[in-house]
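Here is a friendly walk through one protein chain, from a small sheet to a group of aromatic rings and on to the overall shape. Please keep the sequence and the 3D view open as you read.

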Amino acid sequence: MGELLTAAEAAHRLGVKRETVYAYVSRGRLPRDPSSGHRRSLFARAAVDALADRARHGNRSGAFEVTVRTELTAVDPAGRLFYRGADAVQLARHRSFEQVAGLLWDGDPGTPWRLTRSDLAMLRAVRGALPDDAGATDLIALATAALGAADPGARDRRPNAVRRAGARICAGAVAILGVDATTPAGTAERLAHALGGARRMPPPRVVEALNAALVLLADHELSPSALAARVAASTWADPYRVVLAGLGPLGGALHGAMALAVGAMLAELTSPADAFAALERRLATGAVPGFGHGVYRERDPRADELLERATAVALDRGRAQTIEAMTEAAQQLGLPAPNADFGLAALTYALGLAPEAAATIFTAARIVGLIAHALEEYPHRLRFRPRASYVGTAPRT
């Protein structure tokens, strides 16, 4: 992925024909790089990506763009995702969630991530004061706030201190769900216990599938939750408050909770044969959740990996067939390819977990990304200060 692209490479990145690229040049929409020759046109990758972004977001009423230079995550619209230059799908297959966190944090505070017994007792007390049906994502936010309040070094923004806080938040996020985070276990294994409610050791293939989901969802460039976290970090909020800032939009129905709508759609099917009709009903009332993506032009690489995992770990063949029937019906109806929300919902459905488990996995995973954005943002100060364009009643003099 060089800094300069040929016309063919620019066309591929934009999802258009080469002739269209030259039309963009003639209309002044895409400048040729000065190093271009008489028979060879070259284009700055940044200029091509900016044009692609304008095309993607041009139909969003009132939308505005914020661009931040980052070394964390690269999203290739052609269908690739990279963490610090490493393919995220390959990382999901060969690395633990904690190892990938160390990559994104540019330094690992040490694993396994554990809590002290006093931290664990505090979180149990917090959990015990709440209703039995309190939502898992709400509990994770409360655990983050409680751990921050109990950390005398919370305001230490040196990188190693921030990494330690991040590991502590990750451990606490699962501990408040009822898992002993003082034992030497990985996040995926602890999460399997928490979501499955089983006392016995979860099968290795289930732990591997959850580990893959955590890795694939750890970060996704400048998502709404990452932007919120960066704004907080730019004010020098401590790591716990940065994560809390990011958890706000992450809980939104159009962000981290989107998989819940997909899970509900899968759960209502009584047989694979119902998939086509279920999608048709939703198409009649608007967009179908779980299909298409605002960045990837064709396929979301995270979805493909999660769907493969889902069919491999399904509790029974019927669940796998239902997932396959839903993707086939979507293709027959001309819907875009599945996205990560569908893949995550399919995985939790295949494992027989409650639909809410998808949001829990997403939240636990994205904490790592929020800490990574904090680490990258702390060296800057108050660089987010957008202005509003007042359109209300004219001020009275």
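How many bridges join β3 to β4? There are 4 bridges between β3 and β4, and the two strands run antiparallel.

Before going further, a word on the source: this is a predicted model, in which local features need pLDDT of at least 70, side-chain atom pairs count only at pLDDT 80 or more, and totals for chains, interfaces and linings use all residues. Residues are numbered from 1 along each chain as its sequence is written, and side-chain values use heavy atoms, with hydrogens and water left out.

**The sheet**

Strands (E, at least two residues) and helices (H or I, at least four) are DSSP runs numbered from the N terminus, and two strands pair if DSSP finds at least two bridges between them. On those terms, 3 strands form an open sheet with the order β3-β4-β5 and antiparallel pairing. The edges are held by β3 (73–76) and β5 (86–87); each has a single partner strand, so one side of each is left without a neighbour in the sheet. Within the β3 and β4 pairing, V75 stands opposite L81 in β4. The hairpin of these two strands has 3 residues between them, and G79 there takes a positive phi near 120 degrees. On the other side, β4 (residues 80–83) is joined to β5 by 2 bridges, again antiparallel, and Y83 has A86 in β5 as its bridge partner.

**The aromatic rings**

A search of the whole structure finds 3 aromatic pairs. Rings of Phe, Tyr and Trp (its six-membered ring) pair if their centres lie within 6.5 Å; planes under 30 degrees apart count as stacked, over 60 as edge-to-face and the rest as tilted. Two of the pairs share W113, as the table shows.

| Pair | Centre to centre | Angle between planes | Type |
|---|---|---|---|
| F97 and W113 | 6.3 Å | 65 degrees | edge-to-face |
| W105 and W113 | 5.4 Å | 15 degrees | stacked |

The pair of F97 and W113 links distant parts of the chain: F97 lies in helix α5 (residues 97–104) and W113 in the loop between α5 and α6 (117–128), 16 residues apart. Together, F97, W105 and W113 form one aromatic cluster.

Are these rings buried or exposed? F97 is buried at a relative accessible area of 1%, W105 is buried at 1% as well, and W113 is buried at 2%. Here buried means under 20% relative accessible area, exposed over 50% and partly exposed in between (1.4 Å probe, protein chains only).

**Two further spots**

S118 is found in helix α6 and, at 53% relative accessibility, counts as exposed. The C-alpha atoms of S118 and A150 are 9.9 Å apart, with their positions 32 residues apart along the chain. Elsewhere, the charged end of R319 sits over the ring of Y349, 5.0 Å from its centre (the criterion is NZ of Lys or CZ of Arg within 6 Å of the ring centre and within 35 degrees of the ring normal).

**The whole chain**

The secondary structure comes to 18 helices and 5 strands. The radius of gyration, taken over C-alpha atoms, is 22 Å, close to the 21 Å that the globule rule (2.2 Å times the number of residues to the power 0.38) gives for 397 residues, so the chain is as compact as a globular protein of that length. Buried residues make up 47% of the 397 residues.
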